[in-house]
Amino acid sequence: MADTTAAKDDLGATEREIITTRLEKAEALRALGVNPYGNGVSPRHLAADLQARYGEAPTEEIARDPGAWSLAGRVLAVRSFGKAAFLKVRDRSGELQVWVKKDKLGEAGFERFKLLDVGDLIAAEGPATRTKTGELTLEALSFTILTKATRPLPEKWHGLTDVEQRYRQRYVDLVVTPGVREVFVKRAKIVSGIRRFLDARGYLEVETPTLHKPEEAGGAAARPFETHHNALGLDLKLRIATELHLKRLIVGGLDRVYEIGRIWRNEGIDRRHNPEFTSIEFYQAYATHDDLMTLTEELFQALAVEVSGGPVISFQGQAIDLTPPYPRISMVLEAARALGLSGEQALSGAGLGEALARAAAGIAEKEPAWKLSEAAKKSPGEAIAVAFEILCEPKLPVDRPAFVVDFPLETSPLSRRRDADPRLVDRFELYVAGMELANAFSELNDPADQRARFEAQVKAKVAGDDEAMPFDEDYVRALEHGMPPTAGEGIGIDRLAMLLTDSASIRDVILFPLLKPQA
RNA sequence: GAGGCGCUAGCUCAAUGGUAGAGCAUUGGCCUUUUAAGCCAGUGGCUGUGGGUUCGAGUCCCACGCGCCUCACCA
């Protein structure tokens, strides 16, 4: 019977009544010879085709054109007049009004039409016309309900505003919330734009393992998800970065490689973090981190133009100009200056402890003050990084991106040492709108140095740093075969999508963000 | 993990501690140029869950669940 499906579910009386009624309509359609879940209908046109064909053409011109247009899509609104109705229909290209009239459809056709509900998927065919109000409209000579929607859509004016439901039922969100579809179209453009950009520069797209043996799960400071392969009896981790495998390919002579792929990090969830996210990492042999700054500027400008229509974007009310060049801001010098020291003093640790204590005393909030004073116990390089984060990061430019350069060695276990100052590495991070969007460096290719850095990581891990990297012996072996001088970069695709779609939360650029199960 | 805010009909929202309401949707009636169509008449509720205070709880208290924001961790 029609209501068995509805009765099984945990529904309120109103919703059950709606579903029951719609199931009865589906049965009524069957009785009239219409399969409420039919197929085999392929529309020959899109809503956008009619707009493109007629544009602002006057009514008389459209009337001269006998064109039989054929559309299919979801009915989003119905304005019914008894023997005629106007439907708002949407397909993947846009929306178009469909005008259904009893005298055009005939008695039988109109009986079938009367079983329509908002939300149903339909196909219609007929000539175009312009209504009295000037709206381009398809006048249906034939009309079919293709798929019966048995659940009601949210209210037509306010739509779905409960963000929890929007994320849990993204299929509804995409139907009723304006702009959601556009965000994901833009996200797709960003990814394809990056591919085109790198492909044009001779890069090869590759895929590396996402299941890592425990010793492989490095390339970043993060805690991994753990899993298990039954047949091999092998504990595995989901990758936290693609870095170490991609650089093995540089050793292998592929020279320019990139991978766009999913990364998993077993950490907190907030506006800028989802446990699984998408990164692009690319590596270019015979390039330096300076080369990558230029390349990054070109890429970001190109993507802004492609996705937003110009280099100046608007993010959360702030105009941001992505036109190169972006300022380079020295982590060491800025942190030192904020502490009242010279860069040399900060790096050598001279007066650093006192300066950190002074700075901590000058901060009202407890947490950052505590972090600053704790930093005095760390190495100068680590202390500089902490001081920069607390004292300088909030002061980075807001109306344009900024490269942070001059990273201390201790914070960068895979980066190449600077020839001019071995306490620093050739590394930069790109900050836009307060978000870290990219991280890049000239790669460390000295296997002995890499071995020492891994050993330091292992020591840190033993000392309690559960984000320190494991010792990847095979990666050192690869370096021993010789990796050409190389620069590499990673970009967070989700954050880039946030930036270019003006989205405040990473959940707004991930189709199905991770949420706790409902009670 | 900590703090703040929220959870009422399918959806969007009301309701001094005193009979849970409206709009949309839905159902029935009228209507062949509407744009959140209109007019008339109906239906629809375990107020997130569980305790407590009270003569009486959507409202006050406690616990729990889910979400959002801020912070911590992090990209």
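This passage describes the fold of chain A, its surface near RNA strand B, and selected contacts within the protein.

The model is predicted. Chain A contains 18 helices and 20 strands. Along the principal axes, its C-alpha atoms fill a box of roughly 90 × 55 × 55 Å. Of the 519 residues in chain A, 48% are buried. The chain is divided into two domains. Domain 1 covers residues 4-153. Domain 2 is made of two segments, 180-327 and 397-508. The centres of domain 1 and domain 2, taken over C-alpha atoms, are separated by 48 Å.

The surroundings of the RNA come next. RNA strand B is surrounded by 55 residues. Thr14, Thr133, Glu164, Arg271 and His273 are the closest. Of the atoms of RNA strand B that come within 4 Å of the protein, 59% belong to sugar and phosphate. By class, 25 residues of the surface near RNA strand B are charged. A further 15 are polar, and 15 are nonpolar.

Several side chains make polar contacts with the strand. The side chain of Lys25 places a polar atom 2.9 Å from a phosphate oxygen of RNA strand B. Glu17 has a side-chain N or O atom 3.3 Å from a sugar or linking oxygen of RNA strand B. For Arg495, an N or O atom of the side chain is 2.4 Å from a sugar or linking oxygen of RNA strand B. Five elements give two or more residues each to the surface near RNA strand B. Two are helices, α2 (13-31) and α6 (163-168). The others are the strands β1 (69-80), β2 (84-91) and β3 (94-101). Helix α2 provides the largest share of this surface, with six residues.

Aromatic contacts were examined across the whole structure. The search finds eleven aromatic pairs. One of them joins Tyr54 and Trp69 in an edge-to-face arrangement. Their ring centres are 5.7 Å apart, and the planes meet at 70 degrees. Tyr54 lies in helix α3 (residues 47-54) and Trp69 in strand β1, so the pair ties together parts that are 15 residues apart in sequence. Tyr54 has a relative accessibility of 4%, which is under the 20% limit, so Tyr54 counts as buried. Trp69 is buried as well, with a relative accessible area of 10%.

A second edge-to-face pair is formed by Phe454 and Tyr475. The distance is 6.3 Å centre to centre, with 75 degrees between the planes. Phe454 belongs to helix α16 (residues 447-462) and Tyr475 to helix α17 (residues 473-480), so this pair ties together parts 21 residues apart in sequence. Both Phe454 and Tyr475 are buried.

Ring pairs also link Phe81, Phe86 and Trp99 into a cluster. Trp99 has a charged neighbour: Lys101 lies over the face of Trp99, 3.8 Å from the ring centre. A similar placement involves Arg201, which lies over the face of Phe197 at 3.6 Å from the ring centre.

Three individual residues complete the description. Ser442 is found in strand β19 (residues 435-442). Its relative accessibility is 5%, under the 20% limit, so Ser442 counts as buried. A polar atom of the Ser442 side chain lies 2.9 Å from the backbone nitrogen of His289.

Val251 lies in helix α9 (residues 243-251). Val251 has 21% relative accessibility, between the limits of 20% and 50%, and therefore counts as partly exposed. Val251 and Ala487 are 236 residues apart along the chain. Their C-alpha atoms are separated by 13 Å.

Gly317 is found in the loop between β14 (312-315) and β15 (318-321). With a relative accessible area of 74%, over the 50% limit, Gly317 is exposed. Gly317 and Thr411 are 94 residues apart along the chain, and their C-alpha atoms are separated by 33 Å.

Definitions and conventions. Residues numbered from 1 in each chain as written. Chains lettered and ligands numbered in written order. Predicted model: local features only at pLDDT ≥ 70, side-chain atom pairs only at ≥ 80, totals over all residues. Heavy atoms only, no water. Near = heavy atom within 4 Å. Polar contact = N/O pair within 3.5 Å; in protein donor to acceptor, adjacent residues only side chain to side chain. Helix = DSSP H or I, 4+ residues; strand = E, 2+ residues; numbered from the N terminus. Nonpolar A, V, L, I, M, F, W, Y, C, P; charged D, E, K, R; others polar. Domains from an automatic or database assignment. Phe/Tyr/Trp six-rings, centres within 6.5 Å; stacked < 30°, edge-to-face > 60°. Buried < 20%, exposed > 50% of the residue type's maximum accessible area, 1.4 Å probe, protein only. Lys NZ or Arg CZ within 6 Å of the ring centre and 35° of its normal.
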